[in-house]
Structures are given as C-alpha cells and as structure tokens.
Amino acid sequence: MAALFRCLFLLCVLFGTQVAMAQQKTKYPIYGDFTGFTFEEFARAVEAKTPYRFYFQPEELDSIVVQLVVQEKPLEDVLRSIFLNTDISAAIAPNLRVYVTKGLQVQLALPPSLQPASSSPATNNAVPAMAGRLVPPALQIEDGAVKTTSSEKKLYEIGFKGGNGNKRLATLSGQVRDVETQSAVVGAAVFLAASPTTGVTTDENGNYQLALPPGRHELRIRVVGKRETSRQVHLLSSGQLNIDVLPDALALGEVLVKADKYKNVLGQQMGMEKLDIRNLKIVPTVFGETDVLRVLLMLPGVKSVGEGSTGLNVRGGSADQNLILYNDAVIYNPSHLFGFFSAFNPDAVQSAEIYKSGIPARYGGRLASVVDVKTRIPSAKTFTGAGGIGLLTSRLNLEGPIIRNKTSFMLGGRTTYSDWLFGLLPSAYRQSTASFYDVNANISHAFNDKSTLDISGYVSQDAFTLNADTSFKYANKLGSVKWRHEFTPDVLATVTGSYSHYKYKVASEKNAVSASELAYSINQTSLQAGVAYQYNEKHALEAGVQATHYQVAPGSSLPLGSESILLPDQLPSEYGLEHAYYLSDKYELSPRLTIEVGLRYSFYHALGPKQENTYLPGEIRSENTLTGARAYGSGETVATYHGPEYRASGRFALNEKSSVKVSYNRMRQYLHMLSNTAAISPTDTWKLSDSNIKPQVGDQVALGFYRNFENNNIETSIETYYKWTKDFLDYKSGAVLLLNRQIEADLMNVKGKAYGVEFMVKRAAGKVNGWFSYTYSRSLVRSRGAGIELINRGEYYPSNFDKPHDFTLVGNVKVSHRFSASMNVTYSTGRPITLPIAKYMYNGAERLLYSDRNRHRIPDYFRVDVGMNIEGNHRIQKLKHSSWTAGVYNLLGRKNPYSVYFKTEGRSIGGYKLSIFGNPIPNVTYNFKF
C-alpha cells in the first residue's frame, strides 16, 4: 500500500508540473533570429527578453550551434529543435528555471520522503536575499563536512535579475573557510577558471571580492594545505558566496613561499612576499623552532648583521626602519633568548607579509619595510589544540567556540628550559642562565555576515643573567581591537585600536657599592579607520586616517641594596603625536596595464612637558655650542614636522607568463632607535624626533621583471632598486647613549644611499620545491653638511649592515606522503668593522690609531642546515595527529664570526673572533594536534 501511495503521489506531482509548464508555454513565447548563436549566447538572449533562467555546464554544450529563426514559439519546442538527434535534455521548472543536461534526465520534483535532510538556505554557503540558488537545490552533507564534489557540480545563483542596473560589472564577495573548523582561510587564491588573470587572494579575515560581468562563471579556489575546489556561479547582480574548503591530508607542505601561481606575474604588488606558516614549518631553523623572521632572512634583500640576531636589514635599511606588526599592533623587540627565537608562536600565526617596495599607502612610520604578521581567526565550530615539545621550548595552543558559529577564542603559550644551551657557548658564558615565556590570546565574534569584531592580546617576558653578574629583563605587551563591517559588497570599513608597550631592566650587583638598576620603557597607543571601496570595474579606492601617541621613558638608574652609594638618576619622559591621512586608487587602464597611485600625508608633533636644549645655529652640537634650554608645558608643541609620502606602482603584462613592474615610494620616520650594537639588543632605546633630531625621510624606486615557466610552477624574478635617505642617525666617536641628558650632541643626522639587484628562482609545487636567491646590494652613508662632524673626510662609507653579496638556497624534497627532507645553504659577505691599525704616543700616553670607519670586514658567513619532517598516519578519524621534526643547524660546524674584538696583551694587540654557534646543533621536536 505504501509503495502504491508513493507512485500515486509522484504521478500527481509530475502531472501538476506538466500543467504548470503548459501554462508557461504560451505566456512567454520565444521569438528572434538566432542564426549562428552558440547555446550560451542563445540562453543569454532569451534571459534578456524573458524571465527564464538557464542552468547548464558550458563545456558540455560548446559544440551546439543554433541555426533558428523563431516566431512566437514555446521555449520547449525551441529547445527540442536545438537538441534534435543529441543526448542533451532540457527540463523547464514551474519557476521558469531551465535545466539543460547531457546524458541524463532532470527530475523536477521528488516526494518529501526522498528530500535531503538539510535543504535550508543556511546550509548552502550563501547569504539570504542574495543567495546562490543551487541546482539541484540541496547540499549533500556527509559526516558533518560538505562534500566538495557535490558543491562543485551545483550552480549558485547570486543576486537577482535587474539588480545590477546599468553597471557593466557586479561584485561577488564572500569568505573562504575551513569546512571542519569554520575558521577563515587566509591567502586563498580565488580566480576564474576561464581567465586565471582575473582573481584575488583572501585577506586576513578570509574575505575576497571580485568585480565580474553578470553571467555564468566558474570560480577556482586554491590554497596551500587545502584541497583545490571550484564553484559554478550564475552572477545576476552584486551578492555574496561563502566557500568551504577541505584539508588536503596528502599535502605535506609542497609550497614554501606562495602567493598563488599567477600573482608573481600578474599581481600589482612588487617587492612583497607572503609566507604561510603551515608550510614554513618544514624549513630547518636553529633548535627546530619554526620562526617567521628566520625564514624572512632567507628572502632576497633581507639580511641580518650576524648569528643570533632577529634584527632585519631590508634593502640597506637599519633594523629600526622596519615596521613589525602583530595583529595591527607594533612590536618593538620581536625576539627571545638573545635573538635565537622570534616572538611569534608558530601555532598561532596564520601568515606573514613583508613589503620591501611599493609599500601601500595605509602603512607608514618606517623607511625600509613593513612586516605584517597575522594570527589565525579561531574556529567557532570545533575545539582543537596544537603544540610541541622540543629540546629548548615547549608550546601549546588551544582554540574553539564560545558561542558556536558566532564567538570563538584562541589561547596559546610558550616557555623554555634553555640553561643547558650555555654549555655550548664560549666559557665566558657557561655560568649564565636564561628563560622566556609568551602568551597570546584572541577572541573573535561575528555579529552577522557583514560585521565582525576581533580582540587580540600578547605578553612576553625574557630574563637572563651573564655569569651571575648582570641580569637582564625585557617584556612586550600588545593589544588590538578590530571591528570590520561590510556596508555593501562594494564598501568595506575597518576601525582598529592598538596598544604597544616595551620595557627593559638591567641590574648589576657584582659590586655592592655600585649596584644599580637601569630601566627604560616606551608606550604607543594607536587608532586608525579605513575604508575600501570598489568604485567601478576599473577603480578600487582605499582611504583612511591614523593617529598614534607616544610616551617614552628614556631611562632611569636607581641604586640597588642598602650599600649602594649611587644617586638616583631619571631622564624626563618624552611625548609625541603622529597622525596621517591616506588615499590610494588602483586603476586598470587595460587588461595588460594596471597602475596604483597613493598619497599619504603625515604630521608629527613633539609635545611637552620638556626641557629642550638649544645650540648655536649652524654649528656642531656640543657642550661648547650649548646656549641654554627652553621649557615647554604639558601638551605644548615643541616641534612640528609634516610632509607628503608618495606611493606609485605599475604593472604591464607582456603576456600571461611575463610582466614588468615599477614602483616609487617616499616614507617618513619620526622615531629613531639608539643602539651601541649593530643588532637589536635588550638595551636599545628609542628616541622621538624633536627640534634637534629631525625625522628620517627615505625615497625608493624599483624596477622588476617577472617570468613564469612550466605552467607557472617555476617563478623567476629580478628586481633592482635605488634608495636615498636623509637625516639618518649616526653616532660621533665615543658617543654615550644611555642616561645622556645631551644625547643630541652625540648624534648626527647624515645622508645615506642604497642600491642593489635581487634575483630569485622559485619552484612552488612538486616533490622537489624551494627557491634560490642571490642579492648584490650596497648601503652607504655620508656625514656632510653645515653643523655636521665629518666622518671619513665627508666621503661615503659602508653602513654597519653593508653586506654586498648574499646567496641563499632553500630546498625541500617530498620523499613520500609522510616524509620530507629540507636543506638550507646560506652565504653572505662579512659586515664592516673599524680596526685599530697602529699605536702612537700622545701626552706621554700610548693610544690606538683606528682605520677609517667601517673600512674593514669580518670574515664571510657560510652555513648549511638540514632537516626532516616525519608525519603520522593520515587517518582523518583519530584522537590526535602528530609529527616529528629533526635536523642539524650548522651541519658543517663552521665557526662563523658574530664579532671581532681586540685585547692589549703586553705590548701587542691581539684580535679575536667571537662565534655564537661554532658546532653543529642537533634538534628534535615532537608536534601534535588534536
């Protein structure tokens, strides 16, 4: 009886459908001359004149040519004539949807008992009212995960007919998400299958935005570590489509540095690399700890002064000329344990971008580069964890929903047990101790599909002692709040507030009579608002405003213990306010030629209270030219600087595989780092510009040629640049940088220039992948001008980080699905130093005669590292996934010099070389994820 009932019900449904179709036949007759039309052209012509909507796979019908002149005929008869003697079928639904299939018949209705369990709009990845309507109208669910094969075969209808008005293009936007955790996928390439040059990459929130002509499109979605997928889209007007992607369990990091295959050639940006932390984990680094900054140092144009330093010298710039952002908050000391580790927990980091040239107008405040590190948006669907146990550090990271599908959290931390490390260092340091920890926390909340709020926090602290004599402590505290709202598919606004704090303390108790503690701190509070507007198909506008308040405690010295006879000494705090306004426009002149122009105008005000020293105008600042001091009240302006910062770049595509790019940018920097070392150290201080210390200004022009080979699997590039800076800080001989109330008298504003050529070959996919880079660069400075003490007779001399030749090879071999091996080879020229070259007698005392500043160099640097990654089995359903990372840092045991120093021994001077790692350093780490 039940079977008979189902048959009768199905017959009734089919009969009702046929009646409805018969009624529609005469209501919307077809007419026109369609001679020579492809079927797609025919379908679009019918859609333009009638309410009919066609759904089909274009590649299945590309051989059909219509040869008809139709006069007032029902669509069913017209389609029957077109598909005569073929295996193509057409079905017209009551809602005027026309489904055209090859080799199979479409059934327009099903009994309720056969309907899928979930067919609500909430399951189809589309936003209500502008949703992608599916064919067939159900999304298959299996084991809680969307079957990508099902999603790829369905057609998503976006927007509504007539909703695009007279606009030639409509905006398709949405978010790419991990299907298992529903967390955003950053850096996914979303592009048209028919035109790979038309595409974008998702931003830090996993969002994409494409301007496309209305009609049928096939989107492809490609991202490292995820299974490539596609979506069939019928775009009627602007709307949204969210896309879920599945993990690729068989991909063990085939790509090391990737922005997508086509971006190298067709992307507008030059001098920029985007790193995905999941794939950087295979790159061998010291002690086996995945390190964003270490991998950045392997890119062309990015160097450091030596081993054990995370300070970046980008294209001839000093370490303080890099803007390093962690979730939009500035981090002043991005290192742990003397620079051996970076401050970023690898389990929390999603990606890192470095801009070396063509810096977007939204960034400012530094001359050389921008490093933008983003953490993952935590999963709002499932609770997960990850961590690792190594020889020096352990880490744990947890994330999951607070309110399912709306609010999520992430909490992670690292700590170290590194005292055994000092047994490997020179004997002078073997009685030392060191420790550090860091904690990162994130909360993400989605108010709705258009509005999100992200809160991020980070704290870290390092403590170490050198031979139980001097103790060092330094700490970072960062926080940011970011609100993002999509007013329309064309308008996206963000408001971000951030706070950064850095401090250090150095205590010495070796001599109880002179025991003291030296302290320093800097606070930065920032607020910025920006809007991105897709004005039309050719113009993408971006505008915003930023404001930053600085408070610097330049230093204090306090006695330690009751026996200390030192008097307290504290320098007065400094205050400054920086604000900027920017506007940029990306304009497509033609499919081959795209330009982007921008203007950023920045202001800086040095603020009171302050006692500002005054000097004789046009004279060298010294005690002899000091004329007095001027007092400024609280909030009173001490000095004001302002000026334009120009940004311009262009890309001309020679063809789909090669292009030429050019860029120019001017940057202004109102903050200066004072350091008595060439690398970042815990005792570095930051000095605000004032009436005696001018801000730095830098200009850079760059030109590049880009060419891809082997179906875009091999990327090559060559970039050349020239930079010139003014009011760059250098130091007079014998300068005192700590607790100096007349610090400007020991500083000089000098000029600098840098130029170079960077060559890179990168294989992004395959069993053997990696990159090779070579950089030739020079960084020179000169002290010449009124009121400046001449160094090296006013001629150009090498800066402390001038290293002309740099060679890097990074290779990875995927032996199997579970095993891969990696190798780094690094060579660079030794950095400049100033050497004593003779002794002489003066006033009855023996003195040293030094060479010209930075005339000599320490020995060249060369290092080989090897590593391997062993994955556990790839069963999806298991309690946890684990892997082992092992390797050897400095495989050859080369004693690379960190510095060269000299000691007087009797009547002679002996030179010595200090090496940080003079032996091979093995490492092994156990990683887990659940």
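The following legends describe close-up views of a predicted model.

**View 1. A mixed sheet of five strands.**
Five strands make up an open sheet, and their order across the sheet is 10-16-15-12-13. The pairing in this sheet is mixed. Strands of a sheet pair through backbone hydrogen bonds, either parallel or antiparallel. The edge positions belong to strand 10 (155-158) and strand 13 (199-201), each of which pairs on one side only. From one strand to the next, the twist averages 25 degrees. Within the sheet, strand 15 (residues 215-222) and strand 16 (residues 229-235) run antiparallel and are joined by seven bridges. As one example of the positions that face each other, G215 stands opposite L235 of strand 16.

**View 2. A mixed sheet of three strands.**
An open sheet is formed by three strands in the order 3-7-6, again with mixed pairing. Strand 3 (53-55) and strand 6 (88-92) stand at the edges; each has a single partner strand, so one side of each is left without a neighbour in the sheet. The twist averages 20 degrees from one strand to the next. Five bridges link strand 6 to strand 7 (residues 97-102), and this pair is antiparallel. The residue of strand 7 that serves as bridge partner of I92 is V98.

**View 3. Strand 48 and its antiparallel pairings.**
Strand 48 pairs with strand 47 (residues 714-731) over 16 bridges in the antiparallel sense. In this pairing, S717 has M760 of strand 48 as its bridge partner. Strand 48 is also joined to strand 49 (residues 768-782) by 13 bridges, and these two strands run antiparallel. Here F759 has Y774 of strand 49 as its bridge partner. Strand 48 and strand 49 form a hairpin with four residues between the strands, and in this hairpin G766 takes a positive phi near 110 degrees.

**View 4. A nonpolar patch on the surface.**
Seen here are F652, L654, F705, I718, V757, F759 and Y774, which form a nonpolar patch on the surface. Together these residues have about 530 Å² of accessible area. Strand 42 (637-655) and strand 48 (747-763) are the elements that give two or more residues to the patch. F652 belongs to strand 42. Its relative accessible area is 35%, so F652 is classed as partly exposed, a term that covers values between the 20% limit for buried residues and the 50% limit for exposed ones. Two other members of the patch, F759 and Y774, are the bridge partners already named for strand 48 and strand 49.

**View 5. The surroundings of D865.**
D865 is placed in strand 57 (residues 861-871). With a relative accessibility of 1%, D865 counts as buried, because buried means under 20% relative accessible area. The side chain of D865 makes a polar contact of 2.8 Å with the side chain of R863. A polar atom of the D865 side chain also lies 2.9 Å from the backbone nitrogen of N890.

**View 6. K839 and L849.**
K839 is a residue of strand 54 (residues 836-842). K839 is partly exposed, and its relative accessible area is 34%. In sequence, K839 and L849 are ten residues apart. In space, the distance between K839 and L849 is 5.6 Å, taken from C-alpha to C-alpha.

How values were computed: Residues are numbered from 1 along each chain as its sequence is written. This is a predicted model: local features need pLDDT of at least 70, side-chain atom pairs count only at pLDDT 80 or more; totals for chains, interfaces and linings use all residues. Side-chain values use heavy atoms; hydrogens and water are left out. Two strands pair if DSSP finds at least two bridges between them. Axes are lines fitted to C-alpha atoms, for helices over the stretch in contact, and angles run from 0 to 180 degrees between N-to-C directions. Patches are made of residues with over 30% relative accessible area and no salt bridge: like charges are joined within 9 Å, nonpolar side chains (Val, Leu, Ile, Met, Phe, Trp, Tyr) within 5 Å. Accessible areas come from the Shrake-Rupley method with a 1.4 Å probe; for residues, only the protein chains shown count as cover. A salt bridge is a side-chain nitrogen of Lys or Arg within 4 Å of a carboxyl oxygen of Asp or Glu. Buried means under 20% relative accessible area, exposed over 50%, partly exposed in between (1.4 Å probe, protein chains only). A polar contact is a pair of N or O atoms within 3.5 Å; within protein, one must be able to donate a hydrogen and the other to accept it, and residues adjacent in sequence count only if both atoms are side-chain atoms.
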